[in-house]
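Please report on the fold and the ligand site of this predicted model. Cover the sheets, the backbone exceptions and the ligand contacts.

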Amino acid sequence: MEIEEQAALTSGPDFWHTRAVADVPAIMVTDGPHGVRKQVAGEGHGLLDSEPSTCFPPAVALASTWDPALARRVGEALAQECLAMDVAVLLGPGVNLKRAPLGGRNFEYFAEDPILTGVMATEWVAGLQSRGVGASLKHFAINSQETDRMRVSADVDERTLREMYLRAFQRVIQRARPWTVMCSYNRINGVYASQHHWLLTEVLRGEWGFEGVLVSDWGAVVDRVEAVRAGLDLSMPGPDDAGDRALAAAVRAGSLPAAALETAAGRVEALARRAAAAARPGATYDAGAHHALARQVAARAVVLLKNDGGLLPLAPDEPSIAVLGEQARTPRYQGGGSSLVNPTRLDGALDAIKALAAGEVRFAGGYDDVEAAAALARESSVAIVFAGTEEETEGSDRTALELPAAHLALIEAVAAANPRTVVVLSNGAVVRTTPWDAAVPALVEGWLLGQAGGGALADVLFGVVNPSGRLTETIPLRLADHPAYLDFPGEQGHVRYGEGVHVGYRGFDAREQDVAYPFGFGLSYTTFSYSGLSVSTVDGGLLVRVTVANTGGRDGREIVQVYTSLPVSRVRRAPRELKAFAAVPLAVGESAEVELLVEAADLAYWDVELGRWVVEAGQYTVAVGSSSRDLRASATVAVAGDDERRPLTAESTIAEWFADPRGAAALTEAFAAMASAGGGMAAGVADPAMFSLMASTPLNRFAAFAGDAFGPATMAALLKAAN
Ligand code: BGC
């Protein structure tokens with residue numbers, strides 16, 4: 001292939017295709033992630049004019065199911081729709097962490113935890129790709145805010161980067177091998193993601209073995225030559241003839257190695273051929289079945305936050321129901337921006353409630369006629385208020401945690417009018433629930449549930465489905481409590497990830513702060529008991545077994561969660577970290593032994609001194625439970641850990657030398673020799689008070705105190721003996 005042809009392959013000819021060059025076919029890529037947004041041919045880039053497709057629950061809801069098998073089924077269904085629409089790559093999933101509650105795209109992301117995110121996304125990608133459609137894991141990396149998203153530098157230390165923000169990417173890449181990865185817009189520690197050689201080449205390809213195509217986010221490339229040099233393959237959207245020419249010129253001038261361009265073009269070619277071979281012209285899908293799947297997922301995503309006195313589920317013969325709030329009739333079911341799907345159909349909760357209720361159902365819009373709504377509530381046997389955010393969209397972060405004032409006023413008035421008030425929330429990320437939730441006996445978190453969400457909410461309200469959704473993000477008492485509060489969204493071009501590894505619940509737990517509803521929380525209409533916890537080590541990781549029983553009066557699903565902690569550690573750690581989980585269906589009276597595996601890789605922390613993952617040796621606490629703050633059983637287990645000896649250097653402190661067996665022996669001998677030769681400093685260190693004073697002194701600095709008694713020869717001999 002000519003250099004010019006290679007260059008042409010590395011940019012798109014339009015918004016949604018790769019370029020056909022010679023016999024390399026063009027393929028179509030499109031958004032994603034929770035439905036196929038295929039823009040109508042010939043139309044502009046309007047978000048609304050796309051072909052209808054199933055609007056599955058966005059990631060915020062899918063993740064709340066804590067059910068990897070469901071994520072896989074959604075991936076498979078999305079693939080069928082892609083095949084039917086001749087789409088080769090679906091641009092998702094988004095696995096950035098929900099670092100801060102106001103993040104504008106939190107609805108597109110899974111969780112504030114990397115393992116939950118990674119497990120769910122792995123299954124989604126595996127499901128999608130099992131049918132011959134590629135995924136695009138995005139946005140690589142550290143794209144956890146919308147404010148200044150195209151320029152801001154996410155300033156983050158390496159341990160936080162590896163353990164929190166890259167961990168889900170690494171997991172999905174190594175386990176599900178996505179066909180493509182999409183780099184983000186932002187800078188990372190000052191360098192654009194699209195030009196970040198360390199991230200794109202050394203880590204992604206070198207360490208993790210990624211072999212697919214690295215595509216830019218739309219418009220993320222600032223300099224085509226620098227992007228290819230860093231490891232980017234495909235710049236989108238196109239056309240970008242000037243960029244293509246610049247690339248070819250750089251190769252001809254010798255300023256860009258020919259191999260860099262050849263490799264990038266080769267990867268795009270391989271993707272196009274692979275996708276073309278997987279295409280299924282004439283494929284169809286069953287829109288009705290996909291709607292039913294969307295409803296099933298949505299119902300499992302609903303999180304029951306409060307249910308005083310067992311107000312829910314409602315009996316089918318509830319005499320009279322007041323449904324209040326326009327969102328019951330006009331659902332908020334997805335967020336704005338590139339993920340906006342034109343649904344095949346749309347169910348509102350009001351109609352679905354009417355379909356399940358035997359008694360009278362009356363409705364009021366509520367947000368601007370609060371009095372009428374309260375009156376209706378007063379006359380009815382139960383009142384259901386629909387409240388939520390008005391808008392969440394890519395491109396901007398939210399500005400407040402509170403619900404809109406009109407919705408708050410409605411909740412307050414209805415709760416005062418009828419003691420049997422249920423509040424149903426629709427929001428893409430957490431909203432503040434205090435202090436108003438104290439006045440309502442039942443609270444249902446309905447997220448953004450996709451096109452079948454209305455039916456799913458009715459299923460939960462009437463107990464057709466027993467809720468099993470769990471929070472994937474903490475609901476704080478107030479915004480100012482949040483670990484990211486002081487450092488979000490940054491200023492003057494920088495956002496400092498100041499809370500480090502203490503993202504979300506890790507930060508709340510470390511500060512022993514009260515929260516409104518903790519990570520992992522969600523109620524059921526039945527109850528579960530835990531017994532017989534046992535933990536053993538296997539392949540450097542942990543095998544956790546626990547028996548869970550349904551002790552209540554309804555069939556249900558428990559989300560069993562495993563958290564580990566290492567109270568005595570070399571590094572600062574969160575009090576507990578989610579390491580494994582399982583969704584367990586249990587009929588009334590049934591019990592099951594659940595087995596959960598915590599792999600060694602998931603126990604590891606990133607050691608910045610050693611520059612690698614380390615499983616630290618020690619006594620780990622393993623707790624299992626129903627949420628991060630409802631732990632039902634715990635055990636302690638000794639983990640042998642990795643060899644984490646770090647070489648002693650002249651910069652190592654006296655304490656570090658003494659902490660190391662070989663170092664201690666060598667130094668003791670050297671000090672003894674110095675002492676017998678009259679070296680006062682060496683003799684002094686034997687005195688405990690002196691030792692405390694000197695312990696943190698690097699050995700080369702001690703040498704300065706000790707003068708001739710501790711010369712270069714002594715140091716050299718010590719280093720030789722110790723290492
Ligand atoms: C978004 C991506 C999306 C792309 C294509 C960008 O603005 O950040 O998530 O896939 O547009 O629409």
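Four strands make up an open sheet with antiparallel pairing, in the order 19-18-23-24. Strand 19 (577-586) and strand 24 are the edge strands; each has a single partner strand, so one side of each lacks a neighbour in the sheet. From one strand to the next, the twist averages 20°. The model is predicted, and the values here are computed from it.

Two pairings in this sheet deserve detail. Strand 18 (residues 556-565) and strand 23 run antiparallel and are joined by five bridges. Here Ser565 has Thr621 in strand 23 as its bridge partner. Strand 23 (residues 618-627) also runs antiparallel to strand 24 (residues 630-639), with nine bridges between them. Gln619 is paired with Ala638 of strand 24 as its bridge partner. How many residues does the hairpin between strand 23 and strand 24 pass through? The hairpin joins them through two residues.

**The parallel sheet**

A sheet of five strands is also open, but its pairing is parallel, and its order is 1-2-3-5-8. Which strands stand at its edges? They are strand 1 (29-30) and strand 8 (213-216), each pairing on one side only. Strand 1 runs parallel to strand 2 (residues 89-90), and two bridges join them. Thr30 stands opposite Leu90 of strand 2. In general, the strands of a sheet pair through backbone hydrogen bonds, whether parallel or antiparallel.

Two helices lie across this sheet's strands. Helix 6 (residues 167-176) lies across strand 3 (134-140) and strand 5 (180-183). Its direction is at about 160° to strand 3. Helix 7 (residues 197-207) lies across strand 3, strand 5 and strand 8. Relative to strand 8, helix 7 runs at about 150°.

**Backbone exceptions**

Most residues other than glycine have a negative phi, and most peptide bonds are trans. Where does this model depart from that pattern? Ala22 has a positive phi of about 50°, although it is not a glycine. Ala22 sits in the loop between helix 1 (3-9) and strand 1.

Two peptide bonds are cis. From Gly92 to Pro93 the bond is cis, with omega near 5°. Pro93 belongs to the loop between strand 2 and helix 4 (114-130). The bond from Thr434 to Pro435 is also cis, with omega near -5°. Pro435 is placed in the loop between strand 13 (421-426) and strand 14 (442-445).

**The ligand site**

How many residues surround the ligand? There are 14, and the closest are Asp31, Arg105, His139, Tyr185 and Asp217. By class, this shell has seven charged, five nonpolar and two polar residues.

Three side chains place an N or O atom by a ligand oxygen, at the distances below.

| Residue | Distance from a polar side-chain atom to a ligand oxygen atom |
|---|---|
| His139 | 2.7 Å |
| Lys138 | 2.9 Å |
| Arg149 | 3.3 Å |

On its own, the ligand has 310 Å² of accessible area, and the protein covers 94% of it.

The site can be set beside the parallel sheet. Strand 3 spans 134-140, and His139 is among the closest residues to the ligand. The polar side-chain atom of Lys138 lies 2.9 Å from a ligand oxygen. Strand 1 covers 29-30 and strand 8 covers 213-216. Asp31 and Asp217 are also among the closest residues to the ligand.

Technical notes:
Residues numbered from 1 in each chain as written. Predicted model: local features only at pLDDT ≥ 70, side-chain atom pairs only at ≥ 80, totals over all residues. Heavy atoms only, no water. Near = heavy atom within 4 Å. Polar contact = N/O pair within 3.5 Å; in protein donor to acceptor, adjacent residues only side chain to side chain. Areas by Shrake-Rupley, 256 points an atom, 1.4 Å probe, with all protein chains shown as cover. Nonpolar A, V, L, I, M, F, W, Y, C, P; charged D, E, K, R; others polar. Pairing = 2+ DSSP bridges. Contact = heavy atoms within 4.5 Å. Axes fitted to C-alpha atoms, helices over the stretch in contact; angles between N-to-C directions.
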